[in-house]
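I set out to look up one helix and the aromatic rings around it, and I keep my notes here in the order in which I checked things.

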Amino acid sequence: MEPSTPPQPVAAPAIQIDSHLDGIGERSLADDVLDGLTRPFKELPPKHFYDAHGAELFDRICELPEYYPTRAERVILEERATELAALTGAVELVELGSGTAAKTRVLLDALDAAGTLERYIPVDVTESMVRDCAEELIGEYPGLRVHGVIGDFERHLRHIPPAAGPRLVVFLGGTIGNFPPGSRRRVLREIAGLLGEDDYLLMGTDLVKDRGVLEAAYDDTQGVTAEFNRNVLRVVNRELRADFDPEDFDHVALFDPQHEWIEMRLRARREFTALVGELDLHVHFDEGEEVRTEISAKFTPERVTGDLAAAGMELVRWLTDPDELFALTLSRRAAE
Ligand code: AVJ
C-alpha cells in the first residue's frame, strides 16, 4: 500500500474574484444612447463616465478645492470609524462601487483594531481596480480575505456571497444621489435585501446647501469637471464608433432648487448632426440644445430617512462633518 498522508485542511485562498460581466455592459451603453439621444429632451446616464480616463478625471475632481464631498466624507469616517466598528461588530465589509477603496481603509483599520475584521467584499464594474486593490489589502491586513464581485450594483447584488457574520454594507461618495427618486428607492430596496438581522448599511449623501457652493463644486475653475462631463462623448465615440467632437459642447452645471439636485448637461455650441456608427443612428443637435448627463441629488435629513423608510430601513445614526456639508447614515432593516 502507498504511504498515505492524512487529509490536510485546505486553506481558503486569500483572494477570490467572480465576474458577472458578459458583454452586456456594452449593450447597455448602446441601449442608453439609442434611448437617450432620440428623446425630445436628450439624456445619457452618468454611469458611462467611468472608463479608465473618466475614473482618472474623477480622482482629480476629488482633489479640487471646490469639490468638498470627498473631503467631508473622509472627515466623518475618520472621526466615527471606531464608534461604527464597535456598534456594528462587523466581521465583513461589503462595498458597493468600491473603486480604489481609498476611504475604505479608514473603516478596515477600525474593524481590524476592534479585532472583528475577516473579509472585504468589493463590488465594482472595473475588474482591474478590484484585483489591484485586493492584492494591496491582503498585504496590509494579514489574515484578511477579499471576495471581489465584478458587476454592476444595479444588476448583480444577488451574486454577493452570503454573510459569514455581522456585516457592514457601505455605499460611499454620494453615488445614491445619481439616481432619480423612483430608481433610488428601488436600489435602496435591493440593498436592504442584502441586510440580515445583524447587518447595517452605511451610506454617504451630499446635503442641501448654498447654491453657489453646490454649483462651484460641479463647475470648477480648472475645468476638470467639464472634461469629465465631455468624457462621456469620448466613450460613445470609441465604443459605438460615433463622431462627436467633445469641443462642440459647453459644460453646464445648475442647481435645481425644486428637485434639490445638481444637473450636469452638455450644451451644443453649434447646430450639427453626429453619426453613431454602431447604431446607424444620426443625432441632430440644434445650437444651444442640451443633453442631461447627470443628476446629483442633495439631501435633507428628512429626505434620507424618507427614502430609507420607503426601502424598509430605519436610521440608527446620522453622522455629519463640522460644517454639515455631507452626511453618513448608518441604518438597518426596519422591524416588520
Ligand atoms: C461620484 C456620483 C458622487 O455626483 O458628486 C463629480 C460624480 N459628477 N462631479 C457626484 C461627479 C461631477 C459624483 N458621484
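Where is the kink in H8 centred? I find a bend of about 25 degrees, centred on Arg-230, where the bend is the angle between axes fitted to the seven residues ending at a residue and the seven starting there. The model is predicted, with local features needing pLDDT of at least 70 and side-chain atom pairs pLDDT 80 or more, while totals for chains, interfaces and linings use all residues. Residues are numbered from 1 along each chain as its sequence is written, and side-chain values use heavy atoms, without hydrogens and water.

I next checked the span of helix H8, residues 224-240 (helices being DSSP runs of H or I, at least four residues, and strands runs of E, at least two, numbered from the N terminus). Its 17 residues should span 24 Å at 1.5 Å a residue, and the end C-alpha atoms are 24 Å apart, which agrees; the expected span is 1.5 Å times one less than the number of residues. I note that 13 of the 17 residues are buried (under 20% relative accessible area, with exposed over 50% and partly exposed in between, 1.4 Å probe, protein chains only).

I then turned to the rings, and the whole structure has 14 aromatic pairs (centres within 6.5 Å; planes under 30 degrees apart are stacked, over 60 edge-to-face, the rest tilted). Phe-49 and Tyr-50 are edge-to-face, because their centres are 6.3 Å apart and their planes at 85 degrees. Phe-58 and Phe-228 are tilted, at 6.2 Å and 40 degrees; Phe-58 lies in helix H2 and Phe-228 in helix H8, so this pair ties together parts 170 residues apart in sequence.

Technical notes
Phe/Tyr/Trp six-rings, centres within 6.5 Å; stacked < 30°, edge-to-face > 60°.
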